[in-house]
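Here are my notes on this one, written as numbered points so you can argue with them one at a time. Have the structure open while you read.

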Amino acid sequence: FIETVLREVYEEGDVLIVVEDAEPWFECDHAIMEGMGKLIEGKHYNYFKLPPKHYPTYQFKKPEWSKAVSLFTLMSCFGWKCFLYGSDSHLTLYNWEGDVYDFWTDSPIKKKAMNQILRNFGAKRIQRRARKQTAK
């Protein structure tokens, strides 16, 4: 899914992944995040010592998009919240804890392409409930 989105919607430019769940829930999650830092950037990260509001970010040039696919997929599997931004795409993809995705764009062409990918992958659309109006 993510590889298709990158290829058909993002198309060009850099992508940025922002991990919103900077505080993993389980001890093993810390080891996974530390390992991702080593693999992606060749650096050692100690997520226990990050400031509370620090969100790990990873930037990928187009030749490195396979790493972005791997990272975003891994975070989806673990149910972590993360954003995928594209420098040239006018589209943001948000992963809500692994199995729910949201996207927004200012481009009708990108919106159409993204909706087609979602249909092709058999994604179930969740309709937002209308808010009840309260009398004042």
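1. Is Val-100 buried, partly exposed or exposed? Val-100 is partly exposed, as its relative accessible area is 32%. The residue sits in strand E5. Together with Trp-96 and Ile-126, Val-100 makes up a nonpolar patch on the surface, and the three share about 290 Å² of accessible area. Before going on, keep in mind that this is a predicted model.

2. Now the overall layout. The protein chain has 4 helices and 5 strands, and going along the sequence the order is α-β-α-β-α-β-β-β-α. The chain has 136 residues, and 38% of them count as buried. Take the contacts between residues at least 6 apart in sequence: 58% of them join residues at least 24 apart. As for the outside, the accessible surface is about 9300 Å², with 54% of that belonging to carbon and sulfur atoms.

3. Helix H1 (2-10) is a good place to start looking inside. Which of its residues are buried? They are Ile-2, Thr-4, Val-5, Leu-6, Val-9 and Tyr-10. A bit of helix geometry helps when you look at that list: an α-helix has 3.6 residues a turn, so residues three or four places apart point the same way. The cover over the buried residues of H1 includes strands E1, E3, E4 and E5, along with helices H3 and H4.

4. Glu-11 deserves a look of its own. Just after H1, this residue takes a positive phi of about 65°, and Glu-11 is not a glycine. For background, most residues other than glycine have a negative phi. Glu-11 lies in the loop between H1 and E1 and is partly exposed, at 39% relative accessibility.

5. Glu-11 also has a charged partner. Lys-110 forms a salt bridge with Glu-11, and their closest N and O atoms are 2.8 Å apart. This pair links distant parts of the chain, since Lys-110 is in helix H4 and Glu-11 is in the H1-E1 loop, 99 residues apart. The two ends differ in cover: Lys-110 is buried, with a relative accessible area of 12%, whereas Glu-11 is partly exposed.

6. The other salt bridges are worth checking too. How many does a search of the whole structure find? The count is 4. One of them joins the side chains of Glu-12 and Lys-62, at 3.1 Å from N to O. Glu-12 is in the loop between H1 and E1, and Lys-62 is in the loop between strand E2 (57-60) and helix H3 (65-77), so this pair ties together parts that are 50 residues apart in sequence. Both ends are partly exposed, with Glu-12 at 46% relative accessibility and Lys-62 at 36%. Another salt bridge is between Glu-8 and Arg-7, at 3.7 Å from N to O. Glu-8 is partly exposed, with a relative accessible area of 40%.

7. Back to the inside for a moment, at strand E2, where Phe-60 is found. Phe-60 counts as buried, because its relative accessibility is 1% and the cut-off for buried is under 20%. Ile-17 is 43 residues away from Phe-60 along the chain, and their C-alpha atoms are separated by 8.4 Å.

8. Last, the end of the chain around helix H4 (108-120). Asn-115 is found in this helix and counts as buried, at 16% relative accessibility. Which residues does Asn-115 contact, leaving aside neighbours within four places in sequence? They are Phe-103 and Arg-125. Arg-125 itself lies in the segment after H4 and is exposed, with a relative accessible area of 60%. Arg-125 also belongs to a patch of positive charge on the surface, where it gathers with Lys-111, Lys-112 and Arg-119. If you view that patch, then, start from Arg-125, which also touches the buried Asn-115.

Methods. Residues are numbered from 1 along each chain as its sequence is written. This is a predicted model: local features need pLDDT of at least 70, side-chain atom pairs count only at pLDDT 80 or more; totals for chains, interfaces and linings use all residues. Side-chain values use heavy atoms; hydrogens and water are left out. Patches are made of residues with over 30% relative accessible area and no salt bridge: like charges are joined within 9 Å, nonpolar side chains (Val, Leu, Ile, Met, Phe, Trp, Tyr) within 5 Å. Accessible areas come from the Shrake-Rupley method with a 1.4 Å probe; for residues, only the protein chains shown count as cover. Lys and Arg count as positive and Asp and Glu as negative; His and the chain ends are not counted. The place of a charge is taken as NZ of Lys, CZ of Arg, CG of Asp or CD of Glu. Helices (H or I, at least four residues) and strands (E, at least two) are DSSP runs, numbered from the N terminus. Buried means under 20% relative accessible area, exposed over 50%, partly exposed in between (1.4 Å probe, protein chains only). Contact means heavy atoms within 4.5 Å.
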